[in-house]
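Me: I am new to this structure and would like a close look at a single part of it. Could you walk me through one helix and its surroundings?

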Amino acid sequence: MRISLIEIAGPPRERGRQYGEQAREHIARSIAWYSEQFTATASLQWDVVLENARRWEPLVEAYLPDALEEMQGIAEGAGVTYEEILALNGRGELSSGNPFLDEANDECSSYSILPEAAGDGHAYCGQNWDWRSAILDTVVMLRIEQPELPTIVMQVEAGQVGRQGANSAGLGLNANGLSARFGARLGMPQPYIRRKILNSWDMNEALEAVFKSKQSLCTNLLLSHRDGFIVDLETTPGRHGWGYPKDGVLVHTNHFRYFVPKQIEETYRVTSPDSLYRAERIERVLARVGETTTSEQMHALIGEALSDHFGYPNSVCNHPDPNHPWFDQNETVASSIVDLTTGEYWIAHGNPCENEYELLPWNLYDSSSTSPAARIPLRSAPSIRA
Amino acid sequence: MLPLVEIDSPEARERGRQYGELARAQIAVSVEFYKREFELKSGLTWEEVRRRAPQWVPVIEAFHPEALEEVRGISEGSGFAFEEILALNGRGELRTGDPFDVDGCTSFALTAEASGDGHVYCGQTWDWRVGTKESIVMLHVKQEPKPTIVMQVEAGQVGRHGANSTGLGLNANGLEAPFGFGLGVPAPYIRRRILDSNTIYDALHVVMEAKQALCSNLLFTHRDGYCVDLETTPARHGMMEPTNGMLVHANAFLAHVPEQIEQSYRPSSFDSLFRVPRVEGHLRRARAAGSTTETRAVIASALSDHFAYPNSVCTHPDPRDGGRWETIASSIVDLTTGEYLIAPGNPCEHGYEALPWNLYS
């Protein structure tokens with residue numbers, strides 16, 4: 001595999017250490033990059049970031065306490081400071097603030113497909129993850145086996161405790177930046193919210209993680225379930241909007257589609273104009289999912305959608321734009337196809353136009369943990385006497 | 001089957017007395033439950049509730065004086081104080097100390113174009129607190145010259161959800177939203193006046209006129225093939241029309257978000273986000289059903305859906321949060337034939353049985 005695979009298991013501190021040890025070099029690269037990048041994009045010196053990083057602690061303690069233990073472990077394993085790991089997990093929140101720049105934005109394109117729409121009858125989800133070219137070599141695939149919780153497979157920047165992926169309960173999560181800023185300054189950083197979603201046994205728990213978080217950024221979260229359910233959430237520090245698939249397919253990029261938050265209603269403009277056509281381009285290809293008959297054809301069709309070059313280099317398959325400054329060079333750093341029905345997770349490390357999708361050696365459903373709900377007995381089917 | 005309570009008199013006071021006598025045991029269960037509940041949710045002791053409840057009298061007197069007479073009769077017939085019956089009819093309003101705890105229900109309407117047998121259907125799951133199931137009764141109200149009503153209520157309440165002999169069905173779902181003005185007309189009186197209506201015009205008029213304190217979703221279905229959903233609030237009401245002959249609603253604002261909460265609205269009942277599309281997904285199959293039996297089986301499967309079990313459409317107690325919620329009853333009303341089918345608890349366990357009352361007889 002081109003992408004680094006990291007497998008961790010056990011209680012939080014212990015699995016954190018395993019993570020830190022295995023991803024030591026990636027984490028060092030990530031710290032080297034962000035310590036310069038925050039200065040450029042947010043006028044934040046690295047030492048100021050580290051001085052302030054612990055201000056997130058009480059928030060995370062109340063929301064996802066195990067993550068703090070896990071990050072202590074990551075720091076120990078990687079030989080860096082705990083504050084540095086806190087900072088890597090707050091990189092989205094730290095990446096904006098320079099008035100002379102466009103807002104830094106995870107410019108991603110996400111999709112989800114219902115089994116009744118797919119030619120092979122499977123549930124799919126995935127995305128192109130577009131971010132700084134420089135972080136390409138900090139991206140790792142992480143498999144987390146954790147007591148009492150679902151097993152997770154996800155793509156992260158090394159050191160982060162959550163980003164995009166899927167779990168052994170059949171839940172998929174994809175995410176896209178929404179470049180609006182309003183409301184809370186210090187809020188829950190995204191990695192914790194996303195990890196809590198992927199720690200969920202069912203859609204209800206996942207939604208609870210989204211609706212009970214106090215965040216500072218706007219983010220689109222696409223939740224998919226193997227039983228054939230998709231909901232997309234435009235989350236903000238205030239109200240959340242939501243939407244559902246049309247004809248079995250849902251695509252989302254980086255602009256509000258279901259509502260415009262009241263707080264920015266008078267002035268809202270899409271900061272990444274490519275977001276407008278990226279969604280449409282993918283929808284156009286995925287409208288053909290019903291014409292496929294095999295999983296191979298489904299993969300090929302999704303791959304075609306995610307490799308689209310309309311509007312190149314600011315296309316679905318995103319390439320660096322030479323007109324942008326050094327710290328704002330983006331490209332597709334990973335592209336995923338997750339088959340929630342079979343548990344197969346395919347990943348292209350880098351642009352999918354140049355890099356093949358490779359099957360991870362981990363099946364989502366190869367997990368020993370079972371849901372507490374599975375231990376509640378289910379009764380018989382309904383009858384009607386009339 | 002749920003306990004069946006039949007009351008019949010042109011005199012409201014007398015109807016109330018009959019109700020109180022017949023449902024005394026269930027009213028006792030309800031009083032015991034809410035004594036603890038109000039104190040827990042809004043910090044009000046039962047004595048305090050009884051002391052303050054009469055403040056509602058002028059509000060109800062102006063809105064639905066007959067229902068107030070019925071409340072007096074229920075008190076006489078059951079031996080519980082007038083103030084206690086008032087409190088049972090204001091239980092939603094008395095629990096609002098906890099905005100994260102509204103009635104979770106999933107309601108639906110199907111008109112002829114969406115149902116395989118060409119009938120008009122409405123109904124819902126009624127999801128409420130564990131401990132209230134033993135307090136619910138099916139009430140048959142004959143009240144000439146007003147329409148005859150069949151409805152499911154917590155004993156002692158004068159209105160909740162049901163249907164009447166003019167072919168009007170009413171289903172209801174809690175909508176939490178912390179805004180409004182103090183003392184309003186409690187939901188049971190509004191719903192009773194709707195079901196007392198002879199025409200759909202009168203029924204809708206009730207909603208437009210009522211000064212309420214809580215937000216509540218009301219789904220109107222008429223046997224002539226009309227349905228509309230109203231998200232009612234103390235101020236503006238939102239409105240939603242059917243899509244392809246079908247309407248489904250749960251506990252989150254879908255038609256509009258009130259301006260008062262527009263900046264911050266997040267439904268605490270986030271399970272509504274999957275309950276609505278899950279039920280819609282099942283009900284879309286009703287069109288292809290070949291018979292009445294098949295159509296009803298499709299509806300039953302929708303209301304018994306277990307996606308995200310146990311916090312599913314068919315709700316079961318979840319040990320992870322102390323097991324506080326369950327579907328306490330579920331209804332399928334055939335407004336075309338007048339049959340009223342009820343599952344006395346989770347539909348997956350109980351199945352649906354027709355009441356011995358036809359709406360139109």
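Which residues of helix 4 of chain B are buried?

Reply: Happy to help! A word on the ground rules comes before the helix. This is a predicted model, in which local features need pLDDT of at least 70 and side-chain atom pairs count only at pLDDT 80 or more, while totals for chains, interfaces and linings use all residues. Residues are numbered from 1 along each chain as its sequence is written, and chains are lettered from A and ligands numbered from 1 in the order in which they are written.

Now to your helix. The buried residues of helix 4 of chain B are B:Trp56, B:Ile60 and B:Phe63. Here a residue is buried if 20 or more other C-beta atoms lie within 10 Å of its own, exposed if 12 or fewer, and partly exposed in between, with C-beta atoms placed from the backbone. Helices are DSSP runs of H or I with at least four residues, strands are runs of E with at least two, and both are numbered from the N terminus.

Why do the buried residues lie on the same side of helix 4 of chain B? They cover an arc of only 65° around the axis, so they share that side; the arc is that of the directions from the helix axis to the C-beta atoms. An α-helix has 3.6 residues a turn, so residues three or four places apart point the same way. On the other side of helix 4 of chain B, you will find B:Pro58, B:Glu61 and B:Ala62 exposed.

What covers the buried residues? The cover includes helix 5, helix 6 (82-88) and helix 8 (187-195) of chain B.

Let us follow helix 5 of chain B. The axes of helix 4 (residues 56-63) and helix 5 (residues 65-78) of chain B come within 5 Å and cross at roughly 130°. These axes are lines fitted to C-alpha atoms, for helices over the stretch in contact, and angles run from 0 to 180 degrees between N-to-C directions. The two helices of chain B are therefore oblique to each other; angles under 35 degrees count as roughly parallel, over 145 as roughly antiparallel, 65 to 115 as roughly perpendicular and the rest as oblique.

Helix 4 of chain B brings B:Val57, B:Ile60 and B:Glu61 to the contact, and helix 5 of chain B brings B:Pro65, B:Ala67 and B:Leu68. Two residues are in contact if their C-beta atoms, placed from the backbone, lie within 7 Å. By type, the residues of this contact divide into five nonpolar, no polar and one charged. Ala, Val, Leu, Ile, Met, Phe, Trp, Tyr, Cys and Pro count as nonpolar, Asp, Glu, Lys and Arg as charged, and the others, Gly among them, as polar.
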